[in-house]
Amino acid sequence: MLSFGGQTALNCGITLSKRGVLDKYGVKVLGTPIEGIEATEDRDLFRKTMLDAGIPVARSAAAYSLEEAKKIVDELGYPIMVRVAYTLGGRGSGVAFNEYEFEEIVTRGLMSSLTHQVLIEEYIGTWKQIEYEVMRDAYGNGMTVCNMENILAMKVHTGDNIVIAPSQTLNNREYHLLRTAALKATEACKIVGECNIQFALEPNSERYVAIEINARLSRSSALASKATGYPIAYIAAKLMLGYSLSELINKVTGITTAGFEPALDYVTVKMPRWDLTKFDKVTRNIGTQMKSVGEVMAIGRCFEEALQKAIRMLDIGKNGLVADSRHEPLVDPDKIEARLQRMTDEIIFDVADALKAGFTVERINKLSSIDPWFINKIKNIIEMERILRKEARKVASGDAPDLLRRAKQLGFSDAQIAECIGLSVSEVRLLRKRLNIVPVVKQIDTLAAEWPAKTNYLYFTYNGDTDDIQFRDVMKVMVLGAGTYRIGSSVEFDWSTMNMVWDLKNNGVEEVIVVNCNPETVSTDYDMSDKLYFEELTLERVLDIYEKERPFGVVISVGGQIPNNLATSLTAYGAKILGTDSVDIDRAEDRAKFSRLLDELHIPQPEWSTFTSIEDAKAFAKKVSYPILVRPSYVLSGAAMRIVWTQKHLEQFLLKAAKVSPEHPVVISKFIMDAQEFEIDGVCDGESVYIGAVIEHVEQAGVHSGDAIMCIPPQRLPADVQQVAVEYATKIAKSLRIKGPFNIQFLYKDGIVYVIECNLRASRSMPFVSKATGVNLISLAALAILNGKIPTLPRGDSSMTQVCVKAPQFSFMQLDGADPHLGVEMRSTGEVACFGRSFFEALIKALIAVGYKIPKPNGNILITVGGIQLKDRILNLTKELIGLNFNVYATEHTAEYLERKGGLCVKVLNKISEPERKPNILDYLVEGKLELIINIPSTSVLEKFASMLEDEYQIRRKAVELGVPVLTTYEDAEAFVEGLKMIHRGELKIPVS
């Protein structure tokens, strides 16, 4: 089966087939055959297949070179759409408005494609973007699970679009016109199982074109499955095994067959989560290349309710679409107009600002291509805010219950209402309950109550009068999930959530209730727990669920930081937290309290303090000496941490980014240079402590733990240092009376072990540790949380016979302008882990898994480093690369140093910023002549070297756009070269690219 592993699995299957491997071993592809997959992935073949089936496509032609692409664009004209074959998330694609942009996008796209093919297509960005999720068996039976409408039209990739299911602006004729075309198209492509088809529909006519088919499960498939309750993956697997739609039963109803098309008596809204502010130099515009790192899905009885829920679910500091004092509205008409035309990640708030600024619905529609129906719904929310503010006194006194109820029906949170009427959030909650304005629980039933549902797939709404379910008085526990994937929180916490669910059941809990809102997760599969509330992870909603269900307690330690942050507030409202007490969580989370604890335990920590004025911060920095690490407690720009090297940099950062003040203090600590960083994952039951592993970072301190390459067991860390860290971890765990999982981060330098921080929850590395050691940390944590005793076990990594390396996955290519340089703020969007007989074997495997290509023998490698100290360190690496018969190139100053200091003859490539000087780095990149770049910027470079920093940035950025691997730390480069040496000696049997 190739359909369940995304684009990677499809590409792998196609390659195995073309190389004859499947035929050689008699392996059959189940489901959609190879020729069907090729018909959907090859852009030119897809176009021909659709035309043969009588389905219109946009005017387009395929190109395999820039010269071919230029001939096509001469016929079609600008603007032009460039699509890339065999890629994920619109990778490499783009819209070109002129020749310069066209050449950039086509060059990038050709290098991104598995088959070096791009499709040059007429621009239809203002058309509606409509998707159908189709199921089809091997006997010609087909049905559509649901259709979805992309609110931001065709100009934005569906992964970055705000999507509503079912569609809202199609009339009945348009709906069935596209549904019929979807079924014909999937038949033409010989789909067996599941697929997603995307159409563009001209807004003011019935002209439509097929854009693409994904012959696999996709993000849209997950969304469609969660939106309808139809188990798409389960049914698809059965169809691939030869079952028909008519003989499979819909598990939601238990009566109807899988061939019944779902009917919805609610709407779902999917919103993407972007973390663009974490990236230096990145543009915040969204378009045809997907940039989001996660998404949420909200369920409501109207668009307004679901939209405001979704905004809160994103955890971006917004209480909803409006009524948020932290929002700085756009008021300049020219800026508003520009933002509506060139959308950013804040487009939905820009539409609201435009309406408040007096823009008409028609004008906003013309500028943004958003259908007037959606703009009018947003207008309803704005009008409700206006009325609430106008009638504030009346609402606050309880004399306008109908108005208050209507606000809740339009998705207003208690915090938004509090902002409008001048009460506290807790006072609004009390007022609502006194007026009996409380939400009801509704059940996802797939067939709009035509048949009774058999599942506990639930959501809350104020658009209803009665609960759909009965609440049993049994031993039950609520588990809070992690919400949207974002940088710093991904599938690791879904793993932790589900393992906690299963282990609670194994330990006698009769009913486990999951609360989560991410459609991409296993925890939001309705049949994975006894009850699933597809809901917000806000204090208001968690309390609503708690008051309905009356569980034994709530688990907050497996869903990352969002549930952890609710600990104190939930306790204040009388909810029982299972595991570590909220008081002890606060002792670890509060920097001052945790520091005092470390002092009491005589455990070293980097010197630090909290500041509310720039002058005090400057005095502390002078005392401890630069560099320092600055962490704002509240940051308007979204940037969290910075290493600061000079007083001038400190002033700039605190004035422009951190906005330091008594309300917004910053924490400043001494940054310890050239330190080793490592961490410990463990579990404590309040008395006994289990150490899962000591996890060593390959890079030195200064690279965020989420971006570091990690290794178990440690390779360079002395045994006595590990023992000291274990002793410190044990002391801290017992002192904090931890009951459940924990993670502690350490530094080591000059014989001293320092503690950086302690998280009293599951960590990102916990699945890695559990899989590397074979001991499931969450299983132990479940025992501890239920007041059980964890067994006495030796340290998890003490008896490992192999090495396990975890490597980060980055998405720099899709983020226009982003600098792929690593620092103290996390930027990776995923990770892999690989086993090996040695560290270097595991490392090379892991790097290949995240997309690094192993340079071919006699391949070309570019080296450029900043500062004399780094040039000294790179000398030996250069010698070794030359000894391995690689052709080493360097920038002018690096080459001079290598020749003068080491007598090494390396070839010079000139800067990208000097295109007239040949040979040039840019030419070598574009022509595919470089296979690896080692670019290590000096971290302490001052302003006078700004031009050098810009040159280095241009090298890294262009390399990423063209798919050339870049190593940006000395430790990574050193380890990579050691791996190459082992391949060269025949010790690692890993194929080169």
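Buried means under 20% relative accessible area, exposed means over 50%, and partly exposed lies in between. With that in hand, here is a friendly tour of this predicted model. It looks at helix α35, which covers residues 970-984, and at some of the 71 salt bridges that a search of the whole structure finds.

**Helix α35**

- At 1.5 Å a residue, the 15 residues of α35 should span 21 Å, and the end C-alpha atoms are indeed 21 Å apart, so expectation and model agree.
- Twelve of the 15 residues are buried, which means that the rest of the structure largely encloses this helix.
- Among the buried residues are the aromatic-named pair Tyr970 and Phe976, along with Glu971, Asp972 and Lys981.
- The cover over the buried residues of α35 includes the strands β24 (689-700), β33 (932-936) and β34 (966-967).
- The helices α30 (839-849) and α31 (868-883) are also included in that cover.
- Glycine 986, just after α35, takes a positive phi of about 85°.

**A salt bridge from α35 to α31**

- The side chains of glutamate 880 and lysine 981 meet in a salt bridge, with 3.0 Å from N to O.
- This pair links distant parts of the chain, since glutamate 880 sits in helix α31 and lysine 981 in helix α35, 101 residues apart.
- Glutamate 880 has 26% relative accessibility, so it counts as partly exposed.
- Lysine 981 has 17% relative accessibility and therefore counts as buried.

**A salt bridge between strands**

- Glutamate 121 forms a salt bridge with arginine 83, and their closest N and O atoms are 3.0 Å apart.
- Here too the pair links distant parts of the chain: glutamate 121 belongs to strand β4 (residues 118-122) and arginine 83 to strand β2 (residues 80-84), 38 residues apart.
- Both partners, glutamate 121 and arginine 83, are buried.

**A salt bridge between α12 and α14**

- Lysine 356 forms a salt bridge with glutamate 385, where the closest N and O atoms are 2.8 Å apart.
- Lysine 356 lies in helix α12 (residues 347-356) and glutamate 385 in helix α14 (residues 372-390), so the pair ties together parts that are 29 residues apart in sequence.
- Lysine 356 counts as partly exposed because its relative accessibility is 45%.
- Glutamate 385 is buried, with a relative accessible area of 6%.

**A salt-bridge network**

- Lys309, Arg429, Lys433, Glu535, Arg541, Asp544 and Glu547 are linked in a network of salt bridges.

Notes. Residues are numbered from 1 along each chain as its sequence is written. This is a predicted model: local features need pLDDT of at least 70, side-chain atom pairs count only at pLDDT 80 or more; totals for chains, interfaces and linings use all residues. Side-chain values use heavy atoms; hydrogens and water are left out. Helices (H or I, at least four residues) and strands (E, at least two) are DSSP runs, numbered from the N terminus. The expected span of a helix is 1.5 Å times one less than its number of residues. Buried means under 20% relative accessible area, exposed over 50%, partly exposed in between (1.4 Å probe, protein chains only). Contact means heavy atoms within 4.5 Å. A salt bridge is a side-chain nitrogen of Lys or Arg within 4 Å of a carboxyl oxygen of Asp or Glu.
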